[in-house]
Amino acid sequence: MSLLELHGVSKEFGAIRALHDVSFSVRPGEIVGLMGDNGAGKSTLVKIVSGIYPPSAGHLSFEGSDAHIASPAEARRLGIETVYQDLALADNLTAAANIFLGRELKYNVGPFRFLRHNAMNARAAELFAELKSETRSDDLVKQMSGGQRQAVAIARTRLADAKLILMDEPTAAISVRQVAEVLSLIHRLKEAGIAVILISHRMPDVFAVCERIIVMRRGNKVADKPIGETSPEEVTALITGAKEAA
Amino acid sequence: MSLLELHGVSKEFGAIRALHDVSFSVRPGEIVGLMGDNGAGKSTLVKIVSGIYPPSAGHLSFEGSDAHIASPAEARRLGIETVYQDLALADNLTAAANIFLGRELKYNVGPFRFLRHNAMNARAAELFAELKSETRSDDLVKQMSGGQRQAVAIARTRLADAKLILMDEPTAAISVRQVAEVLSLIHRLKEAGIAVILISHRMPDVFAVCERIIVMRRGNKVADKPIGETSPEEVTALITGAKEAA
Amino acid sequence: QESYQFAVVPKAMNNPFFDLARDGCMARAAELGNVECIYIGPVEHEAATQAQIIEDLITQGVDGLAISVSDTAAATTVINRAVEAGIAVITFDSDAADSQRTAYVGTNNKEFGTALGELLLQVKPEGGTYGMISGGAAAPNLAERVDGVREALAGSEWTEVPGSPTFSNDDSALGLQQMGDLKTANPEIGAIVPVGGWPMFAPDGWRNFVDGFKADVDSKALALVVADTLPVQLELLKEGYAHGLVGQRPYEMGVVVMDTLLAIKNGETVEEIIYTGLDRVTAENVDEFLN
Amino acid sequence: MADTVQGFSNVRRTRFWQKGFLASQSAYVLAALIVIIAIMALLSPNFLTPGNIANITRNFSFIAIATLGITLVIITGGIDLSVGSTMALSATVTSLVLSGLAGAAIALFPGGALILAVLAGLATAAAIGFANGFAVAKLKLSPFVTTLGTLSIVRGLTYVATYGRGAFPTGPDKDLFIAVTAGRLFDLIPISFIYLLILAIAMYLALHHTAWGRYVFAIGGNESAGRLTGVPVDRVKIQVYMLCSLAAGFNGIIISGWLGSAPANLATAYELTIIAAAVIGGANLAGGVGGAAGAIIGCVLIEVIRNGLVLARVDPYWQQTLVGCIIVAAVLVDRLRSLRNG
Amino acid sequence: MADTVQGFSNVRRTRFWQKGFLASQSAYVLAALIVIIAIMALLSPNFLTPGNIANITRNFSFIAIATLGITLVIITGGIDLSVGSTMALSATVTSLVLSGLAGAAIALFPGGALILAVLAGLATAAAIGFANGFAVAKLKLSPFVTTLGTLSIVRGLTYVATYGRGAFPTGPDKDLFIAVTAGRLFDLIPISFIYLLILAIAMYLALHHTAWGRYVFAIGGNESAGRLTGVPVDRVKIQVYMLCSLAAGFNGIIISGWLGSAPANLATAYELTIIAAAVIGGANLAGGVGGAAGAIIGCVLIEVIRNGLVLARVDPYWQQTLVGCIIVAAVLVDRLRSLRNG
Ligand SMILES: Nc1ncnc2c1ncn2[C@@H]1O[C@H](COP(=O)(O)OP(=O)(O)OP(=O)(O)O)[C@@H](O)[C@H]1O
Ligand SMILES: Nc1ncnc2c1ncn2[C@@H]1O[C@H](COP(=O)(O)OP(=O)(O)OP(=O)(O)O)[C@@H](O)[C@H]1O
Ligand SMILES: [Mg+2]
Ligand SMILES: [Mg+2]
């Protein structure tokens, strides 16, 4: 049984057809690579699955039943976590506060529930250490370097008990050594039975971790192949349009 | 004679020592790669050279004479162009408007100077075609995908008559085929005698275009070598701190 | 001879009416020599700010207070506090009768309204419809004037149009716009009675408005009877741009206020209600007032 | 491929209602305005009479010029609360200079005193605007607090200038002054409306067809990006605040001409109305969005509501409540647009 | 390595003045406040008398509670212009209910009428806040225009409720009402100051030590990020606007107790003062920054200036000008901080 299925999903922004009749499915624990030129519609697809945009046409099903994912909160309830391309961080909060946003650790004092600042900072520091990232958990995100911000967004998904994680270019800004950590993280997720959709422009990364690869071009799905049946050269040709479909 | 020289530049943000006693020089037409872990201080260095931050200590010289680069406008006047990591685009303007911001094409009607909208759109479309980017020049930047935004930021530097171009992770979000275009663009810049400082986490790209490579670690310069005398493995070791200096 | 500091607190400092009271009190203080007139109040008409300023004056230890009451109940509380602190307190222009203030100097606002109504009856006995323009919707003295006008005209041939009075917030421009609106909404309107002089404080705007219906105004088809008798208004009346004015005597209020406070300080008894009187001005007697 | 643009196969031609004015908030508010005008005309037979239309035209031009100015400031992401005070001080200075020159009996060519007086008034406004702009652009103070300070400072100076009495324009040039402020062209169109039209067209051209306009929008969209790409941010900001104050000052002078008086409490609290008009017309207080047409539509809407409720003889105590309801309703129509754009 | 943190060799220990309260705008404004107090004390011998200090304490608590509320709204990046009107309507409703219950002669336990009356006043405020919050959060209307609309609507309703006359608290519970609003604890500390302290501490705890406070800051920092990470943005926004209105309503009730009256024009134009106090105290209208301590400091500063100038017998026409100058000067000190942080 597949975890997530898209049936003929389209999305239009005014005159721009960002997605056109896209269908595919993801099995539990599967790692799918999503590639395509800039503006091909990858992020739009992610945003539809994570409940930010409603599709203009088509529908989704999750765990076998029809899913109307009306909001990001609902996607989270279903077990869908997302690393957004624009990272979605609150600049005026610390790294730890961002990681725990919406999932704060608390203790009870009578009827009141107060934050466990130290516990959250410590856990965040652990997560950064795990990612081998030079990010300090009590720094404000506003003051962070591009890669540090990305580490915060990735660390966030580690807290949840997800079934599907969507990663929209999680390694774009991070340095060589963390890239390896993120890839090994994805492997560990698979072992824990969590499915991952990985969007990336880095061919070697995609071929290193993914089992299947989907290629988009100008809003259309042009290929959907197991990794063994394709090659970086073919995928590049599909992305640029040199090859029409596969 | 060197084009740009840094002498003992340091930069502190409160308790964070982002740069510590960094010195190096860049010759005209030279392509220098700047690498380092996230938070190593690369972007901070770029911002000092392009006039956003004053250094806390140390000084710069440009074309042999002492340079006090007090503002981005002054850096531009000296002939220093920058592709910022956060792209620095006005979301509410079109791609063409962003590219020509501060350098608009105009025609005179009596004492008034009006914008040449069509000419600017056409020129922007040309630049995007040159970069093989799927970016439309009259779209609002707000509505653009991550890679399209990056293409706008890169296209911007093509208009100027620069002596030194600083590129802070210009290829982070763009797709495979444009990466090749950007690298070939850098080659063409070199041929035209323009120096480039390229910041990137993509080892192959840096080794493909750069003549020299500088490695930063926690604010310190730990290596400064011609590309022929080093290897991706050594650079990785320097970035992660496995190797202290070279 | 002892010297005293008396504070005069208007409802709002942005109202030209109180400027005259201030001038009167300053002039009188200069004549008396041993009295200083401190003029201070809220810039805009607002009760809590006035109360706070009065508190500040109590702290400062002035010898006497003359207050144009912004809100009766609110002022009563602070007036009593001032009296307890040993300060001589009187009210002027607008009263707080239940407070421990020694005296009230000013106009009888009900009578003021009645006078306006009576003057309208005198100008145009045959009646018709009329509309009023008021200042702030919360000002008690203006409400009394409105009631007075209605009382005087009750039983006559005059009927009030719906939507009257309009509230100009003491803003001349808005008052004038409302004059225009009243005339447009009720083309047959027989009289407009602003219960304060606001629209006429803008003389050319007023002329402009009247010029639109000059013939009607000349024939008294549209009668204009207005409160207050500031110099600009008298000029306009003389030029035939209004039929009658009823004015208070703010300058005199300022003078009397100083005298009354000084009398209290000197241990003399003063009358509790001191009316400074009303001026009724029409084309016949306007020159007397213009001197 | 006939249906695509510039060779992008995933882009169709933009339909006419999806672009330009028709897709803007201003268009939707214009629609709301037309509905309100229709309702008012039904409620009061006098609403659409020529006299009343002339009244409305004049009344709204009184705040519309200042609204044009503040729209510029709002586009850069700023705000100017001092416009009401600036109107008062400029009007006061103009009146004082006009009367003063008459009193000084300096022989000038006819109209000379008027020109000097108006220039003095505008110079005052420009100085206020410069102070605001300098504080915001160079000292990086919050525009809200700075201009709240100026509101208070300038109003205070207005009181100080005449000791609270206000000023009256007098002297030989007075009639000319009245003619050029409160007059009517061909005995029909209020001259203030002509000024408004000219200024609105100039503003439209400046915003959309000059580099300066680009800078104004860029500053509102992303000020630091503007700075990084060589936009003279500080200079443009100072200019914008100066233009805003000049517009307010000019507006104040016109009002005082119409009133024949510059009372010290002229235009008290107008700033909120003026900002509301700009925002109703589509200017976004977060910056980056706004325009001349919207500013005018917003002003018309506010004046139509005010005038219409009086004409419809609504109980004055209820009028204020209704004005508030209609303002909220007017911006609610903008939601229609957002909903349609999905 | 003794000098580094958490093993980051490029990070030294943060000095005490570089973090927490001492590095905030509030601290700098506090310094400015102390300077101003010193100057005022020199100018007027009555300034530091116990009586005057009690006056100041009471006066600023009158707007400070509303400022706490509006600070919350400002942190979320919104604004509420309707606070002044809400103060008036809540006070009016409370007075009307108190008098009405006395008139209806319903036998209640002592204080019962007072409790009902205050609850009615607060319920009114909550309803206004809910309307504001709903329009802003759910209908996505601009907070400025929405609350400008509510300003007008609510003020109109206040006039309608008493036909412009205002209301007076009467009845057997009146003395109790006065005691719990205008009374003094131990004959010294104004009770309103106690309320303020309790509310400020509660606000501090809520903002910095609960998840709800995190959400408030997150919404102001990046609303869409908050939405994406599962923060209940709409709910929190509605709560924040309701708390703001409740604070304003409570503040209005206290003022009416002190005045012994709820005039219909109570608190007219207070919104600008209240917002100015919040912003002077460090709240940023762009959202994401602000706090309880700053709000109080801002209110004290404004009240000290007002009171001090009256006591120093500054010419009232100049006072307004000076208030404006000092407000601008107070935010100017914040520039010192930014400069020092390079
Ligand atoms: N909110 C929007 N309004 C209008 N057009 C949009 C919007 N969001 C995206 N688009 C357009 O839809 C297309 C697809 O964008 P999307 O962000 O999905 O691309 P992408 O595949 O993620 O590209 P990249 O690799 O650069 O991130 C682009 O042409 C973009 O301009
Ligand atoms: N404005 C600032 N205030 C405080 N700290 C800052 C500021 N800007 C940068 N930093 C800190 O300085 C250090 C260097 O940041 P910088 O952005 O230069 O890193 P980088 O080398 O560009 O990293 P990346 O590869 O992730 O882009 C980081 O620790 C960062 O947190
Ligand atoms: Mg994308
Ligand atoms: Mg960087």
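Which helices and strands of chains A and B each supply at least two residues of the shell around ligand 2? They are α5 (146-157) of chain A together with β2 (16-26) and α1 (42-49) of chain B. Helices (H or I, at least four residues) and strands (E, at least two) are DSSP runs, numbered from the N terminus.

Before going further, here is how to read the names and values. This is a predicted model, where local features need pLDDT of at least 70, side-chain atom pairs count only at pLDDT 80 or more, and totals for chains, interfaces and linings use all residues. Residues are numbered from 1 along each chain as its sequence is written, chains are lettered from A and ligands numbered from 1 in the order in which they are written, and side-chain values use heavy atoms, with hydrogens and water left out.

## The two ligands

Let us stay with ligand 2, which sits between chains A and B. Its shell holds 22 residues, and the closest are A:S145, A:G147, B:K42, B:S43 and B:T44. A residue counts as near a molecule if one of its heavy atoms lies within 4 Å of it. By class, this shell divides into six nonpolar, twelve polar and four charged residues. Here Ala, Val, Leu, Ile, Met, Phe, Trp, Tyr, Cys and Pro count as nonpolar, Asp, Glu, Lys and Arg as charged, and the others, Gly among them, as polar.

Ligand 1 also has its place between chains A and B. Around ligand 1 there are 22 residues, with A:K42, A:S43, A:T44, B:S145 and B:G147 as the closest. For ligand 1, β2 (16-26) and α1 (42-49) come from chain A and α5 (146-157) from chain B, each supplying at least two residues of the shell. The shell of ligand 1 has six nonpolar, twelve polar and four charged residues.

The table gives polar contacts of the two ligands (a polar contact is a pair of N or O atoms within 3.5 Å; within protein, one must be able to donate a hydrogen and the other to accept it, and residues adjacent in sequence count only if both atoms are side-chain atoms).

| Ligand atom | Protein atom | Distance |
|---|---|---|
| Oxygen of ligand 1 | Polar side-chain atom of A:N38 | 2.8 Å |
| Oxygen of ligand 1 | Polar side-chain atom of A:S43 | 2.7 Å |
| Oxygen of ligand 1 | Side-chain N or O of B:S145 | 2.6 Å |
| Oxygen of ligand 2 | Backbone N or O of A:G147 | 2.6 Å |
| Oxygen of ligand 2 | Side-chain N or O of B:S43 | 2.7 Å |
| Oxygen of ligand 2 | Side-chain N or O of B:T44 | 2.5 Å |

How much of each ligand does the protein cover? On its own, ligand 2 has 640 Å² of accessible area, and the protein covers 92% of this. For ligand 1, the protein likewise covers 92% of 640 Å². Accessible areas come from the Shrake-Rupley method with a 1.4 Å probe; for residues, only the protein chains shown count as cover.

## How the chains meet

Eight pairs of chains are in contact, and chains D and E share the most contacts among them. Contact means heavy atoms within 4.5 Å. Chain C does not touch chain A, and the nearest C-alpha atoms of these two are 37 Å apart. Chain C has no contact with chain B either, their closest C-alpha atoms lying 38 Å apart.

Two copies of a chain are related by a rotation about an axis and a shift along it. A turn of 180 degrees with a shift of 0.0 Å along the axis lays chain E on chain D with an RMSD of 0.1 Å. That is the relation of a two-fold axis. Copies are superposed by least squares on the C-alpha atoms of residues with pLDDT of at least 70 in both. The copies meet through the same surface, because 100% of the interface residues of chain E are also interface residues in chain D.

## Details in chains B and C

Over all chains, the whole structure has one disulfide. The bond joins C:C25 to C:C37, with 1.9 Å from S to S. C:C25 is in helix α1 (residues 16-32) and C:C37 in strand β2 (residues 35-39) of chain C, so the pair, twelve residues apart, links distant parts of the chain. A disulfide is a pair of cysteine sulfur atoms within 2.5 Å.

Chain C also has a cis peptide bond between C:S164 and C:P165, with omega about -5 degrees. C:P165 belongs to the loop between β7 (158-160) and β8 (166-167) of chain C. In chain B, B:R218 is not a glycine, yet has a positive phi of about 45 degrees. B:R218 is in the loop between β11 (212-217) and β12 (220-226) of chain B.
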